[in-house]
Amino acid sequence: MDYITVKDAVEKWGITPRRIQVLCAQGKIPGAVRFGVAWAIPKDAVKPKDGRCNKKKPE
């Protein structure tokens with residue numbers, strides 16, 4: 001299996017390196033593996049849906 005770095009994922013998905021690290025740590029990127037302080041992300045991984053959105057307030 002081919003892997004990419006967090007830096008490569010930043011360029012591919014357009015989100016911050018820290019956000020990608022958090023997603024890896026939370027297990028939201030299937031197949032991501034940690035090597036010391038670095039993450040290896042499967043090359044064919046898809047960007048997870050952002051679940052941080054707030055619900056609309058009632059009017």
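This note goes through the fold of the chain and then the setting of helix 1.

1. Status and make-up. The model is predicted. The chain contains 2 helices and 3 strands. Read from the N terminus, the order of elements is β-α-α-β-β.

2. Burial and surface. The chain has 59 residues, and 27% of them count as buried. Its accessible surface is about 4,800 Å². Carbon and sulfur atoms hold 55% of that surface.

3. Contacts along the sequence. Take the contacts in the chain with a separation of 6 or more. Of these, 49% join residues 24 or more positions apart.

4. Buried side of helix 1. Which residues of helix 1 are buried? Helix 1 covers residues 6-13, and its buried residues are Val6, Ala9 and Trp13. Viewed down the helix axis, they fall within an arc of 55 degrees, so they line one face of helix 1. The spacing fits the general rule: an α-helix has 3.6 residues a turn, so residues three or four places apart point the same way.

5. Cover over that face. What lies over the buried residues of helix 1? The cover includes strand 1 (3-4), helix 2 (17-25) and strand 3 (38-42). Both helical and strand elements are thus among the cover.

6. Opposite face. Lys7 and Glu11 are exposed. They sit on the face of helix 1 turned away from its buried side.

7. Exit from the helix. Gly14 comes just after helix 1. Its phi is positive, at about 75 degrees. Trp13, one of the buried residues, belongs to helix 1 (residues 6-13).

Definitions and conventions. Residues are numbered from 1 along each chain as its sequence is written. This is a predicted model: local features need pLDDT of at least 70, side-chain atom pairs count only at pLDDT 80 or more; totals for chains, interfaces and linings use all residues. Side-chain values use heavy atoms; hydrogens and water are left out. Buried means under 20% relative accessible area, exposed over 50%, partly exposed in between (1.4 Å probe, protein chains only). Helices (H or I, at least four residues) and strands (E, at least two) are DSSP runs, numbered from the N terminus. The arc is that of the directions from the helix axis to the C-beta atoms. Contact means heavy atoms within 4.5 Å. Accessible areas come from the Shrake-Rupley method with a 1.4 Å probe; for residues, only the protein chains shown count as cover.
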